[in-house]
Amino acid sequence: MTRTADPRRQRARQIDKKLAELYPDAHCALHHKNAVELLVATILSAQCTDVRVNIVTPALFARYPNAEAYANANIAELESMIQSTGFFRNKAKNIKTCCELLVKNHGGEVPRTMEELVPLPGIGRKTANVILGNAFGVPGIPVDTHVTRLANRMGLTKHHDPVKIEADLMELIPKEDWTMFGHRMIFHGRQVCHARKPNCEECVLKKICPKVGVDDVFV
């Protein structure tokens, strides 16, 4: 089978196009003004809603304006400020240690490569892709629970491992669309393709999505 004849690729391009039309203003939901703020916000977003993170971060960003401030933070104070995001002790430790390494090894700046980001505490491939795509314009597909769910339902992958899903999607979606495709998938997952009861009847993709694993009662 030739590359252009791959039905998954053809479907992926159709999905990409329709989601682009549906969500022309899709964007990163985490409020931030620079790469350090985005790094901290993404660490806080683990097992926490973006809405909750955005409630916490204004005061946090005002208190700690740069990586050096986080590196020198009193850990108890930092924990107190982020407590409502959950798992706050581990998150505070990761933020502080991560920023210590930014100061020590990167001049207080967030690095711009996957290879440099992933070893940092609290930073996995998903978080690194969020930072690279939104702070530095480096294309990437962050695979969160929404992207995992939708990519499987749409028949774009058969995997549940985020790294394997990312690899599959990178093969199917044009590189220049990677970051925005991720945003649009997340928007669609939140607004239409819900985990428990996807609104397939009202979905713009209902004619091209194979609805893998979706019970007929929801269609």
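**Cysteines, empty spaces and Thr85**

Student: Why is Cys193 called buried?

Tutor: The relative accessible area of Cys193 is 12%. Buried means under 20%, exposed over 50% and partly exposed in between, with a 1.4 Å probe and protein chains only, so Cys193 counts as buried. The model is a predicted one, in which local features need pLDDT of at least 70 and side-chain atom pairs pLDDT 80 or more, whereas totals for chains, interfaces and linings use all residues. Residues are numbered from 1 along each chain as its sequence is written, and side-chain values use heavy atoms, with hydrogens and water left out.

Student: What makes Cys200 buried?

Tutor: Its relative accessible area is 9%, and Cys200 is therefore classed as buried.

Student: How do you know whether Cys193 is bonded or not bonded to another cysteine?

Tutor: A disulfide is a pair of cysteine sulfur atoms within 2.5 Å. The closest cysteine sulfur to that of Cys193 belongs to Cys200 and is 6.2 Å away, which is too far for a bond. Cys200 likewise is in no disulfide, its nearest cysteine sulfur being that of Cys193. By this rule, the count is zero disulfides.

Student: What makes an empty space a cavity, and how many of 30 Å³ or more are there?

Tutor: On a 1 Å grid over the protein atoms alone, a cavity is a set of points where a 1.4 Å probe fits but cannot get out; a pocket is an open set with protein on both sides within 12 Å along at least five of seven lines. Lining residues have an atom within 4 Å of a point. The structure holds one cavity of 30 Å³ or more. Of its 14 lining residues, Cys193, Cys200, Cys203, Cys209 and Lys211 are the closest to the centre. The largest cavity contains about 130 Å³ of space.

Student: Which residues of the largest pocket lie nearest its centre?

Tutor: They are Asp50, Lys126, Asp144, Ile186 and Arg190, from a lining of 26 residues. This pocket has a volume of about 550 Å³. Helix H8 (125-135), helix H9 (145-153) and helix H11 (178-191) each supply at least two lining residues.

Student: Why is Thr85 called buried, and where is it?

Tutor: Thr85 has 3% relative accessibility and therefore counts as buried. Thr85 sits in the loop between helix H5 (75-82) and helix H6 (88-106). Contact means heavy atoms within 4.5 Å; leaving aside residues up to four places away in sequence, Thr85 touches Leu44, Gln47, Cys48, Arg52, Val56 and Lys91.

Notes
Helices (H or I, at least four residues) and strands (E, at least two) are DSSP runs, numbered from the N terminus. Grid points are joined across faces, edges and corners, and a volume is the space filled by probe spheres set on the points.
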